[in-house]
Amino acid sequence: MPSDTLTKFANVLYNEATEEKKGIVQALQEERRKRLNEKDKELENKLKREVKKGIAGLEHQKQLSLARREIELHKALIKNRTRYFNTIFEAVVQNLRAFTQTPEYADYLKAEFSDVQGFFSQEGLTVCTAMEQDMDQVKASCPLSNVKFQCARQDLIGGFTLKNDALGYFADCTLASK
């Protein structure tokens with residue numbers, strides 16, 4: 001019987017050890033699962049941050065690229081507008097230069113002098129500036145008596161300017177200013 005008691009005692013110890021082992025193994029497995037879940041979440045969060053960072057970088061590059069393209073298009077638009085403006089302006093200047101060679105140009109000059117004559121017919125010297133090629137027509141059309149004529153230093157296209165320092169008046173009747 002003592003051997004039965006020893007066997008029973010050994011079985012009880014074995015069962016307790018087995019139960020304790022199962023508890024320890026279960027606790028270790030639970031701890032392992034917990035740590036793996038924590039690391040998994042940590043890695044998942046890190047991955048999400050890196051993906052967001054990468055997406056933000058790509059978005060930034062896309063915005064920069066779009067901004068550069070928009071600037072290039074804007075520059076091209078300005079260049080085209082400037083080219084068209086210059087083309088149209090040159091055509092207008094050519095038409096105005098052709099107008100200065102017509103008989104209607106003399107009528108234009110007389111009408112312009114008529115509009116400003118009241119301001120400049122008083123005291124003081126009035127200086128009339130015109131293009132050299134227009135000077136004869138300007139002199140013939142000018143009704144003012146107190147006038148000094150001079151050639152323009154810049155291209156007025158046609159027409160004239162009047163300036164009276166004593167009165168403080170200036171009239172720009174040039175085709176360039178129209």
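This passage walks through the overall layout of the chain, its nonpolar core, a few individual residues and the salt bridges.

The model is a predicted one. Its secondary structure adds up to three helices and four strands, and going along the sequence these elements come in the order α-α-β-α-β-β-β. The radius of gyration is 50 Å, whereas the globule rule gives 16 Å for 178 residues, so the chain is more spread out than a compact globule. The C-alpha trace tells a matching story, with spans of about 155 × 35 × 25 Å along the principal axes. Helix α1 runs over residues 2-99. One pair of residues gives a feel for the distances involved: glutamate 42 and glycine 118 sit 76 residues apart in sequence, and their C-alpha atoms are 91 Å apart in space. Glutamate 42 itself belongs to helix α1 and, with a relative accessibility of 48%, is partly exposed.

As for surface, the chain exposes about 14,000 Å², with 56% of that supplied by carbon and sulfur atoms. Buried residues account for 20% of the 178 in the chain. Turning to contacts, of those between residues at least 6 apart in sequence, 56% join residues that are at least 24 apart.

Next comes the interior. In soluble globular proteins, nonpolar side chains tend to be buried together. Here the largest nonpolar core has 20 residues, and Phe113, Cys128, Val138, Phe160 and Leu162 are the ones with the most contacts inside it. At least two core residues come from each of α2 (103-120), β1 (126-130), α3, β3 (159-164) and β4 (169-174). Helix α2 makes the largest contribution, with six residues. Valine 138 is a handy way into this core: beyond its neighbours within four places in sequence, it is in contact with Leu109, Phe113, Cys128, Ala130, Phe149, Gly159 and Phe160.

Serine 141 is a polar residue worth a look alongside that core. It lies in helix α3, which covers residues 135-141. With a relative accessible area of 9%, serine 141 falls under the 20% cut-off and therefore counts as buried. Its side chain reaches back to the backbone oxygen of glutamine 137, at a distance of 2.9 Å. Leaving out residues up to four places away in sequence, serine 141 touches Ala106, Leu109, Lys110 and Phe113. Two of these partners, Leu109 and Phe113, also turn up in the contact list of valine 138.

Isoleucine 157 stands out for its backbone. Most residues other than glycine have a negative phi. The phi of isoleucine 157, however, is positive, near 70°. This residue is found in the loop between β2 and β3, and it is buried, at 8% relative accessible area.

That leaves the charged pairs. Nine salt bridges show up across the whole structure, and three of them are described here. Within helix α1, the side chains of glutamate 44 and lysine 48 meet in a salt bridge at 3.6 Å, N to O. The two are four residues apart in that helix, so about one helical turn separates them. Both ends are partly exposed, glutamate 44 at 39% relative accessibility and lysine 48 at 45%.

The salt bridge between aspartate 155 and arginine 97 has its closest N and O atoms 2.2 Å apart. This pair links distant parts of the chain, with arginine 97 in helix α1 and aspartate 155, 58 residues away, in the loop between β2 (147-151) and β3. The loop that holds aspartate 155 is also home to isoleucine 157. Both partners in the bridge are partly exposed: aspartate 155 has a relative accessible area of 40%, while arginine 97 comes in at 28%.

Finally, aspartate 165 and lysine 163 form a salt bridge in which the closest N and O atoms are 3.8 Å apart. In this pair, aspartate 165 is exposed, at 62% relative accessibility, whereas lysine 163, at 42%, is partly exposed.

Technical notes: Residues are numbered from 1 along each chain as its sequence is written. This is a predicted model: local features need pLDDT of at least 70, side-chain atom pairs count only at pLDDT 80 or more; totals for chains, interfaces and linings use all residues. Side-chain values use heavy atoms; hydrogens and water are left out. Buried means under 20% relative accessible area, exposed over 50%, partly exposed in between (1.4 Å probe, protein chains only). A polar contact is a pair of N or O atoms within 3.5 Å; within protein, one must be able to donate a hydrogen and the other to accept it, and residues adjacent in sequence count only if both atoms are side-chain atoms. Contact means heavy atoms within 4.5 Å. A nonpolar core is a set of buried Ala, Val, Leu, Ile, Met, Phe, Trp, Tyr and Cys residues joined through side-chain atoms within 4.5 Å. The radius of gyration is taken over C-alpha atoms; the globule rule is 2.2 Å times the number of residues to the power 0.38. Accessible areas come from the Shrake-Rupley method with a 1.4 Å probe; for residues, only the protein chains shown count as cover. A salt bridge is a side-chain nitrogen of Lys or Arg within 4 Å of a carboxyl oxygen of Asp or Glu.
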